[in-house]
Amino acid sequence: MSPIVRREFGIRRSRYAYRIREALDRRGWTLSSLARDMGLSVQTVSKVINGQSHSVRVLDRLRDEEIPERLLCDPRRGDIPKGGR
């Protein structure tokens with residue numbers, strides 16, 4: 001997958017960062033507790049949620065926590081974004 005496509009998915013996910021955090025909160029997770037449970041840094045988890053990076057591990061965990069697929073904007077699962085932001 002090209003860097004341009006990955007960036008577009010990241011931009012899309014950044015628009016949903018607040019909603020992802022709300023969904024985690026409803027399930028009893030903070031970024032810190034999720035990161036600690038995964039053995040990752042809070043910065044790693046935060047960058048994925050904010051669309052600044054893509055981590056298969058973090059995205060799969062969010063999926064396991066039943067975060068709606070439409071919020072994840074996972075480049076492995078979504079269609080290639082079509083134009084515009």
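**Figure 1. Overall dimensions of the protein chain in the predicted model**. The radius of gyration of the protein chain is 12 Å, which agrees with the value near 12 Å that a compact globule of 85 residues would have. Along the principal axes, the C-alpha atoms occupy a box of roughly 35 × 20 × 15 Å. The accessible surface of the protein chain amounts to about 5200 Å², and carbon and sulfur atoms contribute 48% of this area. Of the 85 residues, 40% count as buried.

**Figure 2. Secondary structure and contacts along the protein chain**. The protein chain contains six helices and zero strands. In sequence order, the elements follow the pattern α-α-α-α-α-α. When contacts between residues at least 6 apart in sequence are considered, 60% of them join residues at least 24 apart.

**Figure 3. Close-up of C73 in the segment after α6**. C73 has a relative accessibility of 4% and therefore counts as buried, the limit being under 20%. Apart from its neighbours within four places in sequence, C73 is in contact with F9, R12, R13 and Y16. The view also includes G10, which is separated from C73 by 63 residues in sequence, while the C-alpha atoms of C73 and G10 are 7.2 Å apart in space.

**Figure 4. Close-up of D74 and its surroundings**. D74 is placed in the segment after α6, a helix that spans residues 69-72. The relative accessible area of D74 is 2%, so this residue is classed as buried under the 20% limit. The side chain of D74 makes a polar contact with the side chain of R76, at 2.7 Å. With neighbours within four places in sequence left aside, the residues in contact with D74 are F9, L59, R63 and E69. F9 thus appears in this view as a contact of D74, and F9 is also listed among the contacts of C73.

**Figure 5. Close-up of R61 over the ring of W29**. R61 lies over the face of W29, at 5.0 Å from the ring centre. As for pairs between aromatic rings, a search of the whole structure finds zero.

Notes
Residues are numbered from 1 along each chain as its sequence is written. This is a predicted model: local features need pLDDT of at least 70, side-chain atom pairs count only at pLDDT 80 or more; totals for chains, interfaces and linings use all residues. Side-chain values use heavy atoms; hydrogens and water are left out. Helices (H or I, at least four residues) and strands (E, at least two) are DSSP runs, numbered from the N terminus. Buried means under 20% relative accessible area, exposed over 50%, partly exposed in between (1.4 Å probe, protein chains only). A polar contact is a pair of N or O atoms within 3.5 Å; within protein, one must be able to donate a hydrogen and the other to accept it, and residues adjacent in sequence count only if both atoms are side-chain atoms. Contact means heavy atoms within 4.5 Å. Rings of Phe, Tyr and Trp (its six-membered ring) pair if their centres lie within 6.5 Å; planes under 30 degrees apart count as stacked, over 60 as edge-to-face and the rest as tilted. A charge sits over a ring if NZ of Lys or CZ of Arg is within 6 Å of the ring centre and within 35 degrees of the ring normal. The radius of gyration is taken over C-alpha atoms; the globule rule is 2.2 Å times the number of residues to the power 0.38. Accessible areas come from the Shrake-Rupley method with a 1.4 Å probe; for residues, only the protein chains shown count as cover.
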